[in-house]
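Subject: Structure handover

Hi,

Here is the structure I said I would pass on to you. Have a look at it first, and then read my notes underneath.

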Amino acid sequence: MISNIVTMGGVKSLRDIDVTGKKVLIRVDFNVPMDGQYNISDDSRIRAALPTINYCIDHNACSITLVSHLGQPKNGYDERFTLRHIQKRLERLLEKKIEFIDNLETLKVENAHCSIERIFLLENIRFFEGEKKNDPAFCQQLADLCDVYVNDAFGTSHRKDASTYGIADFAKIKVAGFLMMREIEAFTKALEKPIRPIALVVGGSKVSSKITLLTSVMPKIDKLIIGGAMSNTFLKALGYDMKASLVEDDFVEVAKEVLSEAKAKGVKIYLPVDVVATDSIEHPVDIKITPVQDVLEGFHAVDIGPATLKLFSEAIELSNTIIWNGPMGIYEMSQFSKGTFKLASFIAESYAFSIVGGGDTADAVEKAGEKDKFSFISTGGGASLELLEGKVLPGFEKLDRK
Ligand code: 3PG
Ligand code: MG
């Protein structure tokens, strides 16, 4: 069976076409985190889109229209989510002037007078009613704005929206941008042509959100390292009483199945042997490191303990490919961040091909100061998860094939 990743790798990319003199519309993912004053706290996604934009500039596209969403606005214009917040940063990074346009009519008129190096930034595409509905008339309107449609919004490629999906039914030429291709190449290296042994490290709070991942990826991996709150459910499945810790009781049976499936497939499982536990998550007074069999009454496991770190780091040291999705604890709180940050350092220092997927995990790696030492940090959270789950992402589905 041809894998989803191989299928997606067969799409045409910008390199396969000629953009000279063409009007190019690029769907990018500029959905970046911002603080209360609209300062961008992490511009990785904007930087990741630059190679595609620069390529179109360098190859004399007649005009470039950038289309993105920001946040999840529900009813049209919302000041919090205007793309004006990112215009300056984009101009600085591109070292080019950007023309901000908030409606399709003006864009159409301006685009008719295209000349080399005109770059338009359309207002948040989710302010337009047709976007989330993937409305065919809206898809057609977007497609009419360009000769070439480039999808480079990997982070949004799991959405069937007008600008990520439906537009490809109407665009004459539709190809993937360089970020999309880089993401696919990285995941191909990790999952299709891995240097074994290959370890999957999963964390985060819910087994329920990762269950498809765990079952579908099992045949491809050698080791499964489970931390974060989701490990509590597995520990409960093994008979441990996790006391006040977050456990998904409805998924204890599923966890048991995953454990026996791993056994049947020869996948080695690593679970915490000790945890950092606290009397209160919001207002911790008492914080204790305890073996998993000794969690105190009323205590919540909130991070992996030092013995677990040692166990996990040994498993990592002996792996040649590492895929990481999900933090080991409540890393946003400094008292409970050690497990996640130290694990980030272990993976960063290893000689393995290391790939991080998931917004939280990428954020944790950045906060740990280890970002540059990873082989690849995916710009997609939900998208990378669906990729690992074996799905063909809608953003690739309708693009031209080689
Ligand atoms: C993301 O950050 O997850 C992507 O930009 C997609 O956004 P969405 O989850 O609001 O569709
Ligand atoms: Mg999301």
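Below is what turned up when I went through it, from the whole chain down to single residues.

One thing to keep in mind from the start: this is a predicted model.

**The chain as a whole**

The protein chain has 15 helices and 15 strands. Its radius of gyration is 23 Å, close to the 21 Å that the globule rule gives for 402 residues, so the chain is as compact as a globular protein of that length. If you want a feel for the dimensions, the C-alpha trace spans about 70 × 50 × 35 Å along its principal axes.

How much of the chain is buried? Buried residues account for 57% of the 402. The contacts are worth a look too: of those with a separation of 6 or more, 73% are between residues 24 or more positions apart. As for the outside, the accessible surface is about 17,100 Å², and carbon and sulfur atoms contribute 50% of that.

**Charges and salt bridges**

The protein chain carries 49 positive and 56 negative charges, and the mean positions of the two sets are 4 Å apart. Side chains of opposite charge can pair when their charged atoms come close. Searching the whole structure gives 26 salt bridges. Here are a few that you can find for yourself.

Start with Arg-118 and Glu-99, whose side chains form a salt bridge at 2.6 Å, N to O. Arg-118 sits in strand S4 (residues 118-122) and Glu-99 in strand S3 (residues 99-101), so this pair ties together parts that are 19 residues apart in sequence. Arg-118 has 15% relative accessibility and therefore counts as buried, while Glu-99, at 27%, counts as partly exposed.

Next come Lys-243 and Glu-297, with a salt bridge at 3.9 Å, N to O. This one links distant parts of the chain, 54 residues apart: Lys-243 is in the loop between helix H9 (230-237) and helix H10 (252-265), and Glu-297 is in the loop between strand S11 (287-291) and strand S12 (300-304). Lys-243 is partly exposed at 28% relative accessibility, and Glu-297 is exposed at 64%.

Asp-286 and Lys-288 also form a salt bridge, and their closest N and O atoms are 3.0 Å apart. Both ends have some accessible area: Asp-286 is partly exposed at 30%, and Lys-288 is partly exposed at 31%. Elsewhere, Asp-43, Arg-47 and Arg-89 are joined into one network by salt bridges that share partners.

**Two residues and what they touch**

Gln-87 is part of helix H3 (residues 84-94). Is this residue buried or exposed? Gln-87 has a relative accessible area of 14%, so it counts as buried. Leaving aside residues up to four places away in sequence, Gln-87 touches Ile-98, Phe-100 and Leu-121.

Ser-41 lies in the loop between strand S1 (23-27) and helix H2 (44-58). With a relative accessible area of 55%, Ser-41 is exposed. Which residues does Ser-41 touch, not counting those up to four places away in sequence? They are Pro-33 and Met-34.

**Backbone details**

Most residues other than glycine have a negative phi, and most peptide bonds are trans. With that in mind, there are three spots to check.

- The peptide bond from Arg-196 to Pro-197 is cis, with omega near 0 degrees. Pro-197 belongs to the loop between helix H7 (178-192) and strand S7 (198-202).
- Tyr-38 is not a glycine, yet its phi is positive, at about 65 degrees. Tyr-38 is in the loop between S1 and H2, and it is partly exposed, with a relative accessible area of 27%.
- Glu-95, also not a glycine, has a positive phi of about 55 degrees. Glu-95 is in the loop between H3 and S3, and it is exposed, with a relative accessible area of 71%.

If you only have a few minutes, I'd open the Arg-118 and Glu-99 salt bridge, then the cis bond from Arg-196 to Pro-197.

Best wishes

Terms used:
Residues numbered from 1 in each chain as written. Chains lettered and ligands numbered in written order. Predicted model: local features only at pLDDT ≥ 70, side-chain atom pairs only at ≥ 80, totals over all residues. Heavy atoms only, no water. Helix = DSSP H or I, 4+ residues; strand = E, 2+ residues; numbered from the N terminus. Rg over C-alpha atoms; globule rule 2.2 N^0.38 Å. Buried < 20%, exposed > 50% of the residue type's maximum accessible area, 1.4 Å probe, protein only. Contact = heavy atoms within 4.5 Å. Areas by Shrake-Rupley, 256 points an atom, 1.4 Å probe, with all protein chains shown as cover. Lys, Arg positive; Asp, Glu negative; His and termini not counted. Charge placed at Lys NZ, Arg CZ, Asp CG, Glu CD. Salt bridge = Lys/Arg side-chain N within 4 Å of Asp/Glu carboxyl O.
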